[in-house]
Amino acid sequence: MSKPILKLQTTTLWDYPSQHYKRSMEPESKFPGATPAYVIWNLLMRFTKPNDLIIDPMCGSGTTMDVARELKRRVIGYDISPVRKDIFRADARKTPLENEKADFVFIDPPYSDHIHYSDSDDCIGKLSALKDGYYKAMQSVINEIYRIMRFERFMAVYVSDSYEKDKPFMPIGFRLFSMLCDIFTPVDIITVARHNSTLLRNNWHRAAAQHNYFLRGFNYLFIMYKTKMQDKKQEIPDRRDIKEKEKQVREYNIKKS
Ligand SMILES: C[S@@+](CC[C@H](N)C(=O)[O-])C[C@H]1O[C@@H](n2cnc3c(N)ncnc32)[C@H](O)[C@@H]1O
């Protein structure tokens, strides 16, 4: 089965049926919690240009690196537990990069402690979002992203709320968004439809109906802007010319077909 042609998403509801956007239907990435590549593709097409420096401080399987390279952007990926040789080992609370170097930063952090990423003691995926420690760690990650970003540049956080049966609901998205708004200017909030294979399991849906809770159907994508002066929070982000972006997408699709 071939995939729908890749287009810039133009509403705040993003939906694409596959983890990858290449032509054949590859299986879902084996990395637990890999980011859908089309999400990163859309962000880089809109908010960056060729040769920009893209940073992913929690880059997991390296999706951001692969998409950035394909789009001819420079990229550095870090992770507390790298799974590839081209990923540097670093804690996202202490990124080994000078101030104001990044043109764009993307992160898809752990959402509470339900996925085991690695045995590292510094893995934020070991912290439950029911406790303050998770938000303290994420505050340090957000501050660090601010430090490494150039002024008048964008960043994005891909995150989900969390619910575990018989525990309180964890509104991680709203809490992180509020922390982001303390230092960045909000640009938009996108809802990304989830197509994870776990959502195909009938018994999960049966349990959700029976016990009156909801499975996660979407992720938030928070797009933020670092203004030149921190006190000028209302400054309007410099949105790049849409015509230029459409041209990029056209050229991209011609090359791929
Ligand atoms: C949801 S995954 C990222 C998925 C990635 N975007 C991809 O497409 O594969 C979260 C990642 O955060 C990493 N991580 C957790 N704590 C970290 C920390 N303190 N510093 C850096 N990376 C961390 C985990 O090792 C994991 O790879």
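**Notebook: sheet, helices, loops and ligand shell**

**Entry 1: the pairing of β7 and β8.** I began with Val-192 and found that its bridge partner in β8 is Asn-219. I note at the outset that the model is predicted. I then looked up the two strands as wholes: β7 and strand β8 (residues 218-226) pair in the antiparallel sense, over 8 bridges. I turned next to the partner of β7 in β1. Strand β1 (residues 13-14) pairs with strand β7 (residues 185-193) in the parallel sense, and 2 bridges connect them. Within this pairing I recorded Leu-13, whose bridge partner in β7 is Thr-191.

**Entry 2: β2 and its partners.** I looked up strand β2 (residues 53-56), which runs parallel to strand β3 (residues 74-79) and is joined to β3 by 4 bridges. As one position in this pairing, I noted that Ile-54 has Val-75 as its bridge partner in β3. I also checked how the chain passes from β2 to β3: β2, helix α2 (residues 63-70) and β3 form a β-α-β unit, and the unit is right-handed. I then examined strand β5 (residues 102-107), which runs parallel to β2 and is joined to β2 by 2 bridges. Here I found Val-105 of β5 opposite Ile-55.

**Entry 3: β3 and β4.** I followed the sheet from β3 to β4 and found a parallel pairing with 3 bridges. In this pairing Asp-79 has Arg-89 of β4 as its bridge partner.

**Entry 4: the sheet as a whole.** I assembled the strand order as β1-β7-β8-β6-β5-β2-β3-β4, an open sheet of 8 strands with mixed pairing. I noted β1 and β4 (87-89) as the edge strands, each of which pairs on one side only. I then counted the elements of the protein, which has 6 helices and 8 strands. Read from the N terminus, the elements follow the succession β-α-β-α-β-β-β-α-β-α-β-α-β-α.

**Entry 5: overall burial and contacts.** I looked up the burial of the 257 residues in the protein and found that 33% are buried. For contacts in the protein between residues at least 6 apart in sequence, I recorded that 65% join residues at least 24 apart.

**Entry 6: three helices.** I checked α1 first. How many of its 11 residues are buried? The count is 10, and α1 is thus mostly covered. The buried residues of α1 include Tyr-38, Ile-40, Trp-41, Leu-44 and Phe-47, and Asn-42 is also among them. I then looked up helix α5 (residues 202-210), which is hardly covered, with 0 buried residues among its 9. Just after α5, I found Asn-212 with a positive phi of about 60°. Finally I examined helix α4 (residues 172-183), which lies across β6 (149-159), β7 and β8. The angle between α4 and β6 is about 170°.

**Entry 7: Pro-36.** I located Pro-36 in the loop between β1 and α1 (37-47). Is Pro-36 buried or exposed? Pro-36 counts as buried because 26 C-beta neighbours lie inside 10 Å, and the cut-off for a buried residue is 20 or more. I then looked for its contacts, leaving aside neighbours within four places in sequence, and found Tyr-16 and Gln-19. I also recorded the C-alpha separation of Pro-36 and Ser-18, which is 7.3 Å for two residues 18 apart along the chain.

**Entry 8: Ser-162.** I located Ser-162 in the loop between β6 and α4. Why does Ser-162 count as buried? Ser-162 has 20 C-beta neighbours inside 10 Å and therefore counts as buried, since the cut-off is 20 or more. Apart from neighbours within four places in sequence, Ser-162 is in contact with Tyr-111, Ser-112, His-114, Ala-129, Met-170 and Ile-172. For one of these, Ser-112, I looked up the C-alpha separation from Ser-162 and found 7.2 Å, with their places 50 residues apart along the chain.

**Entry 9: the ligand.** I ended with the surroundings of the ligand. Which residues are the closest to the ligand? Of the 25 residues that surround the ligand, the closest are Met-58, Gly-60, Ser-61, Thr-63 and Ala-92. By class, I recorded 12 nonpolar, 8 polar and 5 charged residues in the shell.

How values were computed: Residues numbered from 1 in each chain as written. Predicted model: local features only at pLDDT ≥ 70, side-chain atom pairs only at ≥ 80, totals over all residues. Near = placed C-beta within 6 Å. Nonpolar A, V, L, I, M, F, W, Y, C, P; charged D, E, K, R; others polar. Pairing = 2+ DSSP bridges. Right-handed = clockwise from strand over helix to strand, strands pointing away. Buried ≥ 20, exposed ≤ 12 C-beta atoms within 10 Å, placed from the backbone. Contact = placed C-beta atoms within 7 Å. Axes fitted to C-alpha atoms, helices over the stretch in contact; angles between N-to-C directions.
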